[in-house]
Amino acid sequence: MRVSGAAATFLLLGALGCGAAAAPVAASGPVAAGAAAEQGAASGAPAPSLAAASATAPPDQPAAPVNFSHKVHAGDNQIGCGVCHAYARHSPNAGLAPASVCMGCHKFVGKDKPGVMTMAAAFAAGHPVSWTRVNRVPDHVFFSHQRHLAKGIECKSCHGDVASMTLDVKVHDLQMGFCMDCHRQKQATVDCLTCHK
Ligand code: HEC
Ligand code: HEC
Ligand code: HEC
Ligand code: HEC
Ligand code: HEC
């Protein structure tokens with residue numbers, strides 16, 4: 001099936017019922033399965049994380065690699081960040097859509113693409129697809145997406161122009177200096193205990 005533009009995509013989404021960015025995704029898909037525990041321990045939030053779900057994959061069966069392109073999704077097809085990172089506005093973690101959400105579209109879209117075929121096969125077999133986490137602050141640092149987004153700070157300020165990326169890259173080092181520079185500039189708190197509990 002070919003989807004030639006944003007309008008077509010959104011029509012398709014409406015039909016599938018997976019265009020509702022606000023609808024929280026169940027943390028029960030293969031992508032989320034192995035990661036839920038980690039995230040739950042860290043924050044108490046029921047958000048799936050990007051951490052590799054390899055804990056649930058048999059050791060002899062590494063999860064299939066799938067190259068995910070933000071450019072194809074968030075850029076060319078203008079799918080909102082919240083469709084796949086549904087928790088960002090409501091919790092510390094941005095979260096990542098479980099494979100069931102990916103498959104909601106990919107049962108129909110891009111079935112001829114190698115990456116989609118790999119993903120569909122893994123999904124059918126109940127194997128998780130694992131993603132390499134790019135951004136992470138150390139455990140002693142507290143960070144919350146919700147608070148920043150509520151202040152109108154865009155994803156871009158910290159993650160760069162993700163919608164044009166074919167491969168995820170870390171644009172900012174997320175070092176203390178990076179956090180502090182903006183906090184000073186926006187007159188947000190620089191109290192040590194804000195970020196270090
Ligand atoms: C809202 C619909 C939608 C959702 C949800 C979605 N995709 Fe896609 N995806 C697309 C469209 C549209 C394309 C472009 C297909 C084409 O060009 O034929 C695409 C293409 C792809 C491709 C092939 C990229 C290439 O090289 O052309 C992969 C791999 C992929 N998606 C993976 C995923 C994964 C993983 C998820 C879940 C995290 C996901 N998709 C969720 C709509 C979606
Ligand atoms: C169709 C689903 C989808 C959409 C839409 C989407 N993402 Fe993603 N995002 C993913 C997947 C899948 C990964 C993991 C990819 C990987 O590891 O290669 C990811 C990873 C990321 C990461 C890296 C996280 C980390 O630390 O490893 C950031 C940052 C990110 N996305 C931001 C965004 C922003 C900003 C938007 C909107 C402009 C967006 N995403 C839209 C599916 C999506
Ligand atoms: C003020 C800076 C900032 C903004 C704005 C921001 N992020 Fe993040 N993001 C971070 C930091 C820092 C991490 C690493 C957090 C950690 O290790 O707990 C991160 C991690 C992530 C991750 C991977 C881990 C997770 O939380 O699931 C994703 C996906 C992500 N961001 C997506 C987004 C999206 C989508 C937006 C916009 C809706 C956004 N971010 C806005 C700083 C930011
Ligand atoms: C682009 C600007 C910007 C960047 C970068 C930024 N922050 Fe913030 N941060 C803010 C603003 C503005 C506030 C104040 C929000 C408010 O008043 O509600 C804030 C508030 C916070 C809070 C307070 C939340 C609470 O519950 O009280 C924490 C914690 C925090 N930031 C951590 C970080 C960390 C850690 C980093 C770096 C990884 C970071 N911030 C990077 C702008 C930024
Ligand atoms: C706005 C958030 C924020 C505030 C406020 C903040 N830090 Fe940090 N701090 C971070 C982040 C993010 C890291 C981890 C990245 C790094 O090492 O730069 C960190 C790391 C550190 C480290 C470990 C450095 C290392 O090399 O491992 C120390 C020590 C530290 N901070 C002390 C402080 C002290 C003391 C204050 C108060 C003056 C403070 N921090 C205020 C965000 C913050």
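A residue counts as near a molecule if its C-beta atom, placed from the backbone, lies within 6 Å of that molecule. With that in hand, here's a quick tour of a predicted model, taking in the surroundings of ligand 4 and ligand 2, plus a look at Ala150.

**Around ligand 4**
- There are 20 residues around ligand 4, and the ones that come nearest are Ser157, Cys179, Cys182, Lys186 and Ala188.
- Four helices each chip in at least two residues of this shell: α7 (145–150), α8, α9 (176–185) and α10 (192–195).
- Helix α9 gives the largest share of the ligand 4 shell, with 4 residues.
- Sorted by class, the shell around ligand 4 comes out as 12 nonpolar, 5 polar and 3 charged residues.

**Around ligand 2**
- Ligand 2 has 22 residues around it, with Cys81, Cys84, Trp131, Asn135 and Cys155 coming nearest.
- Helices α3 (70–76), α4 (81–84) and α8 (155–159) each bring at least two residues to the ligand 2 shell.
- As for chemistry, the shell around ligand 2 splits into 14 nonpolar, 6 polar and 2 charged residues.
- Helix α8 is worth a second glance, since it supplies at least two residues to the shell around ligand 2 and at least two to the shell around ligand 4.

**A look at Ala150**
- Ala150 sits in helix α7.
- Ala150 counts as exposed because it has 11 other C-beta atoms within 10 Å, and the cut-off for exposed is 12 or fewer.
- Ala150 and His90 are 60 residues apart along the chain, yet their C-alpha atoms are separated by 9.1 Å.

Conventions. Residues numbered from 1 in each chain as written. Chains lettered and ligands numbered in written order. Predicted model: local features only at pLDDT ≥ 70, side-chain atom pairs only at ≥ 80, totals over all residues. Nonpolar A, V, L, I, M, F, W, Y, C, P; charged D, E, K, R; others polar. Buried ≥ 20, exposed ≤ 12 C-beta atoms within 10 Å, placed from the backbone.
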